[in-house]
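Biologist: I am new to this structure. Could you take me through a few of its parts?
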Amino acid sequence: MFNVTLSSSVPCVNPLPPENVKARADSQTKELGHCTKVSRNVNLEKLKNGYLFPEISIRELQHFEKHPSAKLISLGIGDTTVPIPELITSHMSNYARGLSTAAGYRGYGLEQGNEILRKAIADTFYKNLKVKSNEVFVSDGAQSDISRLQLLLGSNVTIAVQDPTFPAYIDSGVIIGQTNHYSEATQKYQNVVYMPCGPKSNFFPNLAMTPRTDVIFFCSPNNPTGYAASRKQLQQLVDFAKSNGSIIVFDSAYAAFIKDDSPRSIFEIPGAREVAIEISSFSKFAGFTGVRLGWTVIPEKLSYSNGFPVINDFRRIVTTTFNGASNIVQAGGLACLSSAGLKDLRAVINYYKENVKILVDTFASAGFNVYGGENAPYLWVHFPGSKSWDVFAEILENTHITTVPGSGFGPGGEEYLRISGFGHRENILEASKRLQSFFNRGKQHFHLNGSSTSQELN
């Protein structure tokens, strides 16, 4: 394994502006002049500046302004790039054209989603797992459902997250009022349990050392590490939640990328229906990142401490805050779940997996430890002894390639980059060439100490 120290060719990059948030807000207030007498939401004041991915977009724009002729390649934000199969888009376009006819016009649908689509989701993803169609709530995507679940859970619950973790779990918790202030010293929000999930623990938390919380957010395959939890590990998680009276919010958005026998749903685990909620999405497996469609499963058996069914409250939340996913999009979702649709989408997923293999080989051949990539579209690459935002800046400056700094996913992500396999093949191959050339010039940009070139792949 190489120890990496960045050169001084690129100045250190701080992911956050140095100004005090309150001082900046006061300055902005003075510039605005008239103000209302309405106080700002105190929870929003706790948020640690900008959300990770818009911050990366800002860096991309700044780089493009500095290098206007450069061809920027993104291996960062996990946005799909392969066109949606025509079989699926034709169903959406036919439905849309039908809206201009008396026979085809439809207005509001059920807030919980089209009943046929709900049944198709239950039959396709939860066959033999006892998930009923009425337990499936169709939505405009998993990220929206995270916030709806936070609204359901409220501000008085305690939460635990994997470290590293997808930042929306914590940021939505901050906004709803579940956390205390952010600590620069620990790089953590107070009143949140961060469960270390790195290579040393086989990307799974030491539950014996984890204090009880009301809610456990758990993503498998994990974003950002790309690790899919084993059946044994998820059984331990379910048993842990049961013994503590906790609720698991299980994010299975990347389940379609699993190629081994790792569980694709938490409901494959005995006992999960009493302790778990599952959220998932069409975004990554169907290319619906811009189309927007997802779902949440809340079992009828899941209840609060007083015995009241959680599903009843979530139904109330959904019918109050949401008018339902677009009818046109839901028509596309049904096409995705047809036998022909699933076949076409499997070809797209395999395309992305081939991209990932190219990138794994690129980083591993340069001597870096590479994790993930087997059951997810992401690589988790280790740059020992470095700051992830500095590595991000160094690679961007020298190769015109964007990545995602691991520290954006929590303190456990420091020294890592998340690399995305979502991209056109020609861009992936070009990125590989640029990175190989950059790493071959390592003496100019990195000080690589050590002789081991072994790779550790999931």
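**A loop residue, a sheet and the cysteines**

Modeller: Leaving aside neighbours within four places in sequence, D214 is in contact with N156, V157, T158, S246 and I247. Please note that this is a predicted model.

Biologist: Where is D214 placed?

Modeller: D214 belongs to the loop between β7 (192-196) and β8 (215-219). The C-alpha atom of D214 is separated by 7.3 Å from that of G245, and the two residues are 31 residues apart along the chain.

Biologist: With which side chain does the side chain of D214 make a polar contact?

Modeller: That partner is the side chain of R212, at 2.9 Å.

Biologist: Why does D214 count as partly exposed?

Modeller: Because its relative accessible area is 24%, and partly exposed covers values between 20% and 50%.

Biologist: Turning to the sheet, in what order do the four strands of the open sheet lie?

Modeller: The order is β12-β13-β16-β15, with antiparallel pairing. At the edges are β12 (370-372) and β15 (404-405), each of which pairs on one side only.

Biologist: How many bridges link β13 and β16?

Modeller: Five bridges join β13 (residues 378-382) to β16 (residues 416-420) in the antiparallel sense. Y378 stands opposite S420 in β16.

Biologist: Which strands does helix α12 lie across?

Modeller: Helix α12 (residues 339-365) lies across β12, β13 and β16, and runs at about 5° to β13.

Biologist: And how many disulfides are found in the whole structure?

Modeller: The search finds zero. Among the cysteines, C336 is buried, at 0% relative accessible area, whereas C35 is partly exposed, at 37%.

Notes. Residues are numbered from 1 along each chain as its sequence is written. This is a predicted model: local features need pLDDT of at least 70, side-chain atom pairs count only at pLDDT 80 or more; totals for chains, interfaces and linings use all residues. Side-chain values use heavy atoms; hydrogens and water are left out. Two strands pair if DSSP finds at least two bridges between them. Helices (H or I, at least four residues) and strands (E, at least two) are DSSP runs, numbered from the N terminus. Contact means heavy atoms within 4.5 Å. Axes are lines fitted to C-alpha atoms, for helices over the stretch in contact, and angles run from 0 to 180 degrees between N-to-C directions. A disulfide is a pair of cysteine sulfur atoms within 2.5 Å. Buried means under 20% relative accessible area, exposed over 50%, partly exposed in between (1.4 Å probe, protein chains only). A polar contact is a pair of N or O atoms within 3.5 Å; within protein, one must be able to donate a hydrogen and the other to accept it, and residues adjacent in sequence count only if both atoms are side-chain atoms.
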